[in-house]
Amino acid sequence: MAEPKGPLQSPGFWLHHAALEWRATVERNLRPLGLTLTQFNLLASAGWLARHGDLPTQQQVVDMAGADRMMGSRVIRALEDRGFLTRRPDATDARILRIEATTAGRDVARRGIQIVVDTDAEIFGPDSAELRDRLQSIAAQRIPYIGQD
């Protein structure tokens with residue numbers, strides 16, 4: 001059993017605070033696009049999943065974005081109201097909603113992706129691959145159907 005050494009020795013403590021700083025910086029940088037980080041994550045996830053397979057289900061988009069199911073549904077509806085996404089029933093099961101980014105949604109997602117890439121470079125630096133790979137190996141348990149890319 002590991003012996004407690006205090007929060008400053010905990011990688012989880014530092015991961016939590018680093019994530020808070022990253023989130024605040026990304027939120028600030030996305031503000032000119034009129035997007036929150038949650039909106040961006042859902043919109044970008046819908047586009048990424050569509051490029052790597054069939055149109056994703058709403059649940060796949062929510063899972064990829066790491067959002068709560070109910071909150072994700074509300075945010076997707078708001079993105080649809082803004083003209084960034086469309087939701088339509090699945091051809092074989094009307095209970096399942098398929099999500100597709102519109103032209104406007106793809107445009108704002110593309111701009112948001114560049115902002116997030118630039119923010120990652122600013123915060124994590126040029127040698128972030130090792131950190132990314134370690135975090136991916138931990139997080140992959142949450143989204144096992146998502147490949148690397």
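Which residues of α1 are buried? In this predicted model, they are Thr25, Val26 and Leu30, and the first close-up after the overview takes a look at them.

**Figure 1. The whole chain, for orientation.** Here's the predicted model in full, with 6 helices and 2 strands. Reading from the N terminus, the elements go α-α-α-α-β-β-α-α. The C-alpha trace spans about 55 × 35 × 25 Å along its principal axes. There are 149 residues in the chain, and 30% of them count as buried. If you take contacts between residues at least 6 apart in sequence, 53% of those join residues at least 24 apart.

**Figure 2. Helix α1 and its buried side.** This helix runs over residues 11-30. It has 20 residues and goes 28 Å from first C-alpha to last, close to the 28 Å expected at 1.5 Å a residue. Thr25, Val26 and Leu30 are the buried ones. They sit on the same side of α1, because the arc they cover around the axis is only 125°. What do these buried residues of α1 pack against? Their partners are α2 and α5.

**Figure 3. An aromatic pair within α1.** The structure holds 1 aromatic pair. Phenylalanine 13 and tryptophan 14 make it up, edge-to-face, with 5.0 Å from centre to centre and 90° between the planes. Are the two rings' residues buried or exposed? Neither label fits: phenylalanine 13 is partly exposed, at a relative accessible area of 26%, and tryptophan 14 is partly exposed too, at 46%.

**Figure 4. Helix α5, with a buried side and an exposed one.** Covering residues 103-124, α5 has 22 residues and reaches 31 Å between its end C-alphas, close to the 32 Å expected at 1.5 Å a residue. Buried here are Gly105, Val108, Ala109, Gly112, Val116 and Thr119. These residues cover an arc of only 100° around the axis, so they lie on the same side of α5. The spacing makes sense: an α-helix has 3.6 residues a turn, so residues three or four places apart point the same way. Flip to the other side of α5 and you find Thr103 and Arg110, which are exposed. The buried residues of α5 pack against α1 (11-30) and α2 (37-51). Right after α5 comes glycine 125, with a positive phi near 80°.

**Figure 5. Where α2 meets α3.** Helix α3 takes in residues 58-65. It packs with α2 at an angle of about 120°, the axes being 8 Å apart. How is the crossing of α2 and α3 handed, left or right? The crossing is right-handed. On the α2 side, the contact is made by Asn41, Leu42, Ser45, Ala46, Trp48 and Leu49. From α3, the contributors are Gln60, Val61, Val62, Met64 and Ala65.

**Figure 6. Glutamine 58 and its neighbours.** Glutamine 58 belongs to helix α3. Is glutamine 58 buried or exposed? Its relative accessible area is 13%, under the 20% cut-off, so glutamine 58 counts as buried. Leaving out residues up to four places away in sequence, glutamine 58 touches Ser73, Ile76, Arg87, Leu97 and Ile99.

How values were computed
Residues numbered from 1 in each chain as written. Predicted model: local features only at pLDDT ≥ 70, side-chain atom pairs only at ≥ 80, totals over all residues. Heavy atoms only, no water. Helix = DSSP H or I, 4+ residues; strand = E, 2+ residues; numbered from the N terminus. Expected span 1.5 Å × (residues − 1). Buried < 20%, exposed > 50% of the residue type's maximum accessible area, 1.4 Å probe, protein only. Arc of directions from axis to C-beta. Contact = heavy atoms within 4.5 Å. Phe/Tyr/Trp six-rings, centres within 6.5 Å; stacked < 30°, edge-to-face > 60°. Axes fitted to C-alpha atoms, helices over the stretch in contact; angles between N-to-C directions. Left-handed = near helix turned anticlockwise from the far one by under 90°.
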